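Below are some remarks for a colleague who has the sequence and the coordinates to hand. They are set out as numbered points, to be read alongside the structure.

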Amino acid sequence: MDTLKPDPKVYVLKRSSADTPIRPLSRDYAQELNPQQLAAVEVVNGPSLVIAGAGSGKTRVLVYRVARLIDMGVDPSSILLLTFTRKAAQEMLGRVGMLIGPQSDRVMGGTFHSVANILLRRFGRTIGLEPGFTILDRGDSEDLVGLVRGQIGLVETNKRFPRKRTIVDMFSKCSNTLQPLDNVLLNEYSHFGDFLDNLTKLQEGYNSTKRQRQLVDYDDLLLRLRELLIADESARRMISETYRYILVDEYQDTNRLQAEVVRNLAATHDNVMVVGDDSQSIYAFRGATFRNIMEFPTLFPGTQIFKLEENYRSTQSVLGLANAVIEGATEKYSKTLFTNKEGGERPALVQAMGENPQSRFVAQKILELREEGVPLSDMAVLFRSSFHAFDLEVELTKRDVPFIKRGGFKFIETAHVKDLLAHLRVIHNPLDSVSWNRLLLLIEGVGPKKAKDLVAQLVATDTPSAVLREGSGRSAFGLRNLAAALDAVGHADDGSPPDQINQVLEYYFPILKDQYDDYPKRIRDLEHLQGMAERYHSLEEFLADLTLEPPDESVLDVDAPDRDDERLVLSTIHSAKGLEWRSVFVIWLVDGRFPSSYSFTSDEELEEERRLLYVAVTRAKQHLYLTFPVNVYDKATGSILSKPSRFLDDVSTDLVDAWSVVDEGEPYHWG
DNA sequence: ATAGTGGTAGTTTTT
DNA sequence: CTACCACTAT
């Protein structure tokens, strides 16, 4: 493409193939969609916004629109589908495939982060990013903050410096809302205001280390993609011309940074369709705001707006409760869901005399429903926070109910997995100081000081193993061992990922046994990881995928061999987004747990909790059980929790059936 | 300089 | 309960 003179007059040649089908469409879209859905599906060019209530066929619109575009002759590889998880993208593309055949395989789909990863590896050089960069997960970012904090030797003060976790949160908020640190500190962390200077220094150090060492954290993926699109005009054109049709799912959960990325991706054509529901915005902690969805037409003038209000998922009884919950929201946009599925069982509001009775109720009821013919895989238990399910997990295990837990603590975040990955990472990116540091600390006789000195040498040499062999003193033996192990693995491109893992494991197992009493289980985990690596041909892909799309099973289930389709789902509400089940249990509907007591401080956070409940109840197709235990001692606040969630206050009693759980032989009493 | 011990504060949701 | 810090003994 030649370089153009400044500001040429642009005359756009329309793609005739896209506007007028060259051949008859392969199916009758009007037949399979309601008029609102059809109108959205028929959009070809220009920006459009689809406000879609829960269960109103939002996915259907995306799927049919992609199918129809391809049907009209649009090249599938020019379509980009941005979703919340890659799984969601794959599911949608599978459905597109069922409509129009295998061409759908060529559609590009995934999360913002995974798409950014791919684009940056291809085009990042112009902004100083080598294709082999390493992605830091949350824990890595915290480690790096810790390292930098040590390096710049922050002066001791009598007041408490924020924790690493909190610091990473602050930095992340800055990135996601595109604000400077002082703003974020002032608005959300005013109690740490005194530390502004030190935190600013820390942030500078954190950012410059990442640049020097080819490290990229989650937010950087988006930040640097934005940077690339703005700074490198030819890359922007090339990318924008490649993806001429962009579709974004769950737009209410995008933040300002993501909005800007979309804006720039669509720089040359404005062909963007975003789909979302302001009532389901639940990612404010990540800088998302439902206002984003309202501002879309400003970002893209000429936006066509569509509304989908008919719910095809739930019965009227379930929907009635959902509408009542969201009715209490202070800020809401005009949208009332209706359905033609009359009646249905009323949702049950179940009181239990404590946590364990609640678990026993859920377990027993699930078994009953299964007897009645609901498959386990069509039932789910949802909760606000991952730990709310601990007791239930025990109860289900006792009764041999197979389940899969989604959300919460990840397999990938356990120490032994991170240790193994650190070794693989330095093989792939020898500049990765965070991983070097981690694996050096595992060696006898190496502490923070020695690790720091060694890392400085290691990132400055072409022959890391020579540096390791030079070591003397107490750690010499361990360092030599490490050098031998790394040499055995060789270069990143030598051999297959499972073989490379095998080499590392031979070296690492003794360390593991020494460090953990429960090493047999951990060894199984690592072997599981090795199995996962078989699907990959390069370390780079394996490592990137693990951080961007970690397997969504938590530690416990890794060795549960049950078939997926016969397992009950336990999930945080966040991880249940976009999914649906015939029977849904929402547990711990107690004030202090849901809404969480951490949200009591601000109205905005409380409102988000309310939307969270709305998301939870709208997952149910047929049966809905809301349970709340009473008389539970809460360590966090030191109080007894007994009051049902405040969000149920406004729910009129004729919308639910009140149940009380009692033990066999125990007297009944309510309250 | 490191490893091991004991005390204490914070404790959600995800890519 | 656990991760993080400060302190002490090697």
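Leaving aside its neighbours within four places in sequence, which residues is Leu543 in contact with?

1. The model is a predicted one, and with that in mind the question can be answered as follows: once the neighbours within four places in sequence are set aside, the contacts of Leu543 are with Leu421, Leu424, Arg425 and His428.

2. Leu543 belongs to helix 25, which covers residues 539-548, and its relative accessible area of 11% places this residue under the 20% limit below which a residue counts as buried. Pro497 is 46 residues away from Leu543 in sequence, while the C-alpha to C-alpha separation of the two in space is 9.8 Å.

3. Turning to strand 14, residues 620-629, eight of its ten residues are buried, and the strand is therefore largely enclosed by the rest of the structure. When inspecting this strand, it may help to recall that in a regular strand the side chains alternate between the two faces of the sheet.

4. Strand 14 is paired with strand 9 (residues 348-352) through five bridges, the two running parallel, and within this pairing Leu349 has Leu626 as its bridge partner in strand 14.

5. Strand 13 (residues 581-586) is likewise joined to strand 14 by five bridges in a parallel arrangement, with Ala620 of strand 14 serving as the bridge partner of Trp581. Together with helix 26 (residues 603-617), strands 13 and 14 form a β-α-β unit that is right-handed.

Methods: Residues are numbered from 1 along each chain as its sequence is written. Chains are lettered from A and ligands numbered from 1 in the order in which they are written. This is a predicted model: local features need pLDDT of at least 70, side-chain atom pairs count only at pLDDT 80 or more; totals for chains, interfaces and linings use all residues. Side-chain values use heavy atoms; hydrogens and water are left out. Buried means under 20% relative accessible area, exposed over 50%, partly exposed in between (1.4 Å probe, protein chains only). Helices (H or I, at least four residues) and strands (E, at least two) are DSSP runs, numbered from the N terminus. Two strands pair if DSSP finds at least two bridges between them. A crossover is right-handed if, with the strands pointing away from the viewer, the path from the first strand over the helix to the second runs clockwise. Contact means heavy atoms within 4.5 Å.
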